[in-house]
Structures are given as C-alpha cells and as structure tokens.
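Hi,

Here is the structure I said I would pass on. Have a look, and my notes are underneath.

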Amino acid sequence: MTRKPMVLLMAVIKTMLILIPGLALAANTDFSSSIVAGGLSHSLALQEDGSVLAWGSNQELQLGQPSNVKESSEPLKVEGLVSVVALAAGHDFSVALRY
C-alpha cells in the first residue's frame with residue numbers, strides 16, 4: 001500500500017468514529033478517552049485510568065449494567081471492570097481486555 005491510500009484509510013476510520021451512536025453526547029461529558037468502540041446500538045469508551053464507560057442499548061446486557069437498565073443516553077461506568085487496555089464491540093456484545 002502506498003502512503004497516499006493509507007492516509008485515505010485513516011480518514012475513513014476517523015469518519016466512522018464520528019458516527020458511533022452517542023459519541024457526540026459522550027464528547028460533552030467530563031471524561032477523557034482515546035479508545036472507543038461501537039456496536040449496532042451501543043458504544044464504549046476506555047478511560048485513562050483503565051475503567052470503561054458504556055451507553056446506548058442494554059437489551060442484551062452489552063453495557064455491563066443490570067437487566068433493569070434497558071438503555072442509557074449518558075455514559076455509565078461499568079462497575080468492577082478495571083485495568084482495561086483494549087475494547088471491542090459487536091452487533092450486541094462488548095469485549096474488554098484487562099492487563
């Protein structure tokens with residue numbers, strides 16, 4: 001791959017991150033995150049301290065919240081999840097890699 005297509009690919013990835021459900025809302029909250037992941041209708045953000053925030057649909061418990069929480073438009077901390085170094089999200093699931 002030449003250098004120019006690589007730059008185009010990075011631009012596409014940045015655009016995709018902007019389209020993650022709830023990311024605009026999350027950007028206005030009091031947290032700093034450089035790693036985000038998005039599923040079909042939920043999003044995750046890795047905090048600098050290794051904790052994880054999640055928002056969107058919790059229909060399949062993909063936010064790491066109790067079953068009585070059906071969805072959240074605000075980022076919620078996933079309790080008990082610490083020392084996380086990477087995140088991924090799929091259609092209706094979330095994955096965190098702990099150090």
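Below is what turned up, strand by strand and then on the surface.

First, the ground rules: this is a predicted model, with local features needing pLDDT of at least 70 and side-chain atom pairs counting only at pLDDT 80 or more, while totals for chains, interfaces and linings use all residues. Residues are numbered from 1 along each chain as its sequence is written, and side-chain values use heavy atoms, leaving out hydrogens and water.

Strand E2 covers residues 42–47 (strands are DSSP runs of at least two residues, numbered from the N terminus), and six of its six residues are buried, meaning under 20% relative accessible area with a 1.4 Å probe and protein chains only. In a regular strand, side chains alternate between the two faces of the sheet. Here both faces are covered, with His42, Leu44 and Leu46 on one side and Ser43, Ala45 and Gln47 on the other.

E2 pairs antiparallel with E3 (residues 52–57) over five bridges; pairing takes at least two DSSP bridges. Ala45 sits opposite Leu53 in E3. Four residues separate the two strands of this hairpin, and Gly50 in the turn has a positive phi of about 90°.

Ser73 belongs to strand E4 (residues 71–77). Its C-alpha lies 9.5 Å from that of His42, 31 residues away along the chain. Unlike buried His42, Ser73 is exposed at 53% relative accessibility, the cut-off being over 50%.

Finally, Tyr99 comes in the segment after strand E6 (94–98) and is exposed too, at 84% relative accessible area.

Cheers
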